[in-house]
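User: I'd like to go through this model label by label, with the reasoning behind each one. Please set the values against the cut-offs as we go.

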Number of protein chains: 2
Amino acid sequence: MAISADPANASAFEKNHDHGRCIHNAMERALRLCKQNGARLTPVRQRVLELIWQSHRPLGAYQLLEQLSKEGFNSAPPTVYRALEFLLEQGLAHRITSLNAFIGCSHPGCRHQGYFLICRSCGSAEELPSESLAESLRQQVSQRGFLVESETVELSGLCPDCREQESH
Amino acid sequence: MAISADPANASAFEKNHDHGRCIHNAMERALRLCKQNGARLTPVRQRVLELIWQSHRPLGAYQLLEQLSKEGFNSAPPTVYRALEFLLEQGLAHRITSLNAFIGCSHPGCRHQGYFLICRSCGSAEELPSESLAESLRQQVSQRGFLVESETVELSGLCPDCREQESH
DNA sequence: AAGCGTAATGTTATACAGTATCATTTGCAG
DNA sequence: CTGCAAATGATACTGTATAACATTACGCTT
Ligand SMILES: [Zn+2]
Ligand SMILES: [Zn+2]
Ligand SMILES: [Zn+2]
Ligand SMILES: [Zn+2]
């Protein structure tokens with residue numbers, strides 16, 4: 001699958017990448033995919049997607065809500081939860097269960113579970129290319145006759161940069 | 001590994017195992033470990049541990065709270081959260097992030113992350129023996145210079161029994 | 001263009017999950 | 001017995017997510 005070879009996405013842990021381009025690419029892909037699927041990327045939905053792409057840090061629903069409210073959008077909890085639900089359905093975002101937060105999907109369009117590395121220091125999260133890992137998981141589990149339908153894999157720790165910092 | 005070979009624990013998905021024995025064994029081990037570590041398994045703590053062992057289904061803090069209250073224990077949220085915190089620290093229980101729930105650890109005494117299979121139909125959860133899986137994860141991640149400190153691995157789907165049922 | 005059904009949004013209220021803080025009690029070492 | 005630390009009690013609050021129902025916008029048919 002080789003996500004890292006996809007020029008559209010820098011690693012979340014490369015702190016000096018051109019993030020404007022990151023966002024731009026993400027929005028382009030989102031528009032294209034929604035058009036393809038006949039899904040409506042309405043203003044709130046689009047704005048929420050932009051917001052969770054503002055950084056590579058997962059954002060909580062109420063953080064998003066606050067931002068939306070500042071920008072004059074309607075701002076009751078259901079507004080943002082509905083937008084997030086839409087983005088999850090369309091495969092444009094992931095939910096990070098262990099943080100109660102949400103993040104843009106860095107390779108939408110191909111169905112997959114999100115496997116994440118989350119830095120406890122800088123808060124960045126990065127999707128792991130999942131194929132070989134998914135394979136290991138399936139092996140472990142199929143032996144037991146268990147049918148996996150969804151996977152939560154979230155590894156928390158220190159990203160290369162922060163690891164460096166802490167050692168000083 | 002070979003948890004299934006450990007006579008102290010039946011698989012959560014074997015619906016007709018002697019669960020009384022399951023609980024009994026769990027409590028014995030807990031007592032022993034606490035004594036070893038100089039930790040105090042006070043009445044609330046012990047009772048909470050028994051409660052999360054009543055079934056192989058993860059229980060929410062407020063479910064536990066309700067039960068405690070029925071039994072005349074003090075029943076404000078901090079009570080149960082403190083007990084749970086203690087049990088987590090002692091390695092006697094795990095938190096299931098994706099369910100906001102808690103479950104007894106089926107092999108306490110050896111430090112490990114809990115990797116779980118969770119049935120969406122019957123609600124049972126079972127710990128996977130984690131070694132080979134942990135190894136795959138570490139491999140994937142070490143390449144990237146990321147230092148893993150804690151892991152959340154929760155696979156949801158259908159257990160063998162429920163899979164059977166659904167196909168009828 | 002008018003009318004219609006569905007999808008999306010607005011609005012209010014509430015359920016569920018977890019924590020902060022400070023007072024009080026208990027267990028235990030000296 | 002005394003005094004400290006750990007554990008519990010009690011109150012209030014913050015944070016996360018959804019239920020339920022009213023209203024509006026959109027896209028299609030006629
Ligand atoms: Zn970026
Ligand atoms: Zn970092
Ligand atoms: Zn365990
Ligand atoms: Zn089941």
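**DNA surfaces, zinc sites and two residues of chain B**

Analyst: Helix 4 of chain A supplies the largest share of the surface near DNA strand D, 4 residues. Helices here are DSSP runs of H or I with at least four residues, strands are E runs of at least two, and both are numbered from the N terminus. Before we go on: this is a predicted model, where local features need pLDDT of at least 70 and side-chain atom pairs pLDDT 80 or more, while totals for chains, interfaces and linings use all residues. Residues count from 1 along each chain as written, chains are lettered from A and ligands numbered from 1 in written order, and side-chain values use heavy atoms, without hydrogens or water.

User: What makes a residue "near" a strand, and which residues come nearest to DNA strand D?

Analyst: One heavy atom within 4 Å is enough. There are 16 residues around DNA strand D, and Tyr62(A), Tyr81(A), Arg95(A), Thr42(B) and Arg82(B) come nearest. Of the strand's atoms that come within 4 Å of the protein, sugar and phosphate make up 54%.

User: How do you know which atom of DNA strand D pairs with the side chain of Tyr62(A)?

Analyst: The cut-off for a polar contact is a pair of N or O atoms within 3.5 Å (within protein, one must be able to donate a hydrogen and the other to accept it, and sequence-adjacent residues count only if both are side-chain atoms). An N or O atom in the Tyr62(A) side chain sits 2.6 Å from a base nitrogen of DNA strand D, so the pair qualifies. Phosphate oxygens of that strand are reached too: at 3.1 Å by Asn74(B) and at 3.4 Å by Arg45(B). The elements giving two or more residues to this surface are helix 4 (77-89) of chain A plus helix 2 (43-53) and helix 4 (77-89) of chain B.

User: And which residues come nearest to DNA strand C?

Analyst: Thr42(A), Arg82(A), Tyr62(B), Tyr81(B) and Arg95(B), out of 16 around it. Sugar or phosphate accounts for 55% of the strand's atoms within 4 Å of the protein, with bases making up the rest. Phosphate oxygens of DNA strand C lie 2.8 Å from a polar side-chain atom of Thr42(A), 2.9 Å from one of Tyr81(B) and 3.0 Å from one of Asn74(A). Helix 4 of chain B gives the most to this surface, 4 residues.

User: What makes the zinc ion (ligand 1) arrangement tetrahedral?

Analyst: Start with the donors, meaning N, O and S atoms within 2.8 Å of the metal (3.2 Å for Na, K and Ca); water isn't among the atoms, so sites may look incomplete. His17(A) (NE2), His19(A) (ND1), Cys22(A) (SG) and His56(A) (NE2) coordinate this ion at 1.9 to 2.2 Å. Four donors are called tetrahedral if all angles lie between 85 and 135 degrees. The angles here run from 97 to 122°, so the label fits. The donor spacing in sequence is H-x1-H-x2-C-x33-H. Distant parts of the chain are linked by Cys22(A) in helix 1 (residues 19-37) and His56(A) in the loop between helix 2 (43-53) and helix 3 (61-70), 34 residues apart.

User: What angles make the site of the zinc ion (ligand 4) tetrahedral?

Analyst: Its 4 donor atoms make angles of 103 to 114°. The donors are the SG atoms of Cys119(B), Cys122(B), Cys159(B) and Cys162(B), at 2.2 to 2.4 Å, spaced C-x2-C-x36-C-x2-C.

User: And what makes the zinc ion (ligand 2) arrangement tetrahedral?

Analyst: Angles of 103 to 113° among its 4 donor atoms. Those atoms are the SG of Cys119(A), Cys122(A), Cys159(A) and Cys162(A), at 2.3 to 2.4 Å.

User: Why does Cys122(B) count as buried?

Analyst: Buried means under 20% relative accessible area, exposed over 50%, and partly exposed in between (1.4 Å probe, protein chains only). Cys122(B) has 16%, so it's buried. Cys159(B) is buried at 0%.

User: Is Leu128(B) buried or exposed, and how do you know?

Analyst: Its relative accessible area is 2%, so Leu128(B) is buried. Leu128(B) belongs to strand 4 of chain B. Contact means heavy atoms within 4.5 Å; not counting residues up to four places away in sequence, Leu128(B) touches Val141(A), Arg144(A), Tyr115(B), Leu117(B) and Leu133(B).

User: What joins the side chains of Ser11(B) and Glu126(B)?

Analyst: A polar contact of 2.4 Å. Ser11(B) sits in the segment before helix 1 (19-37) of chain B.

How values were computed
Tetrahedral: all angles 85-135°; square planar, octahedral: opposite > 155°, others 65-115°.
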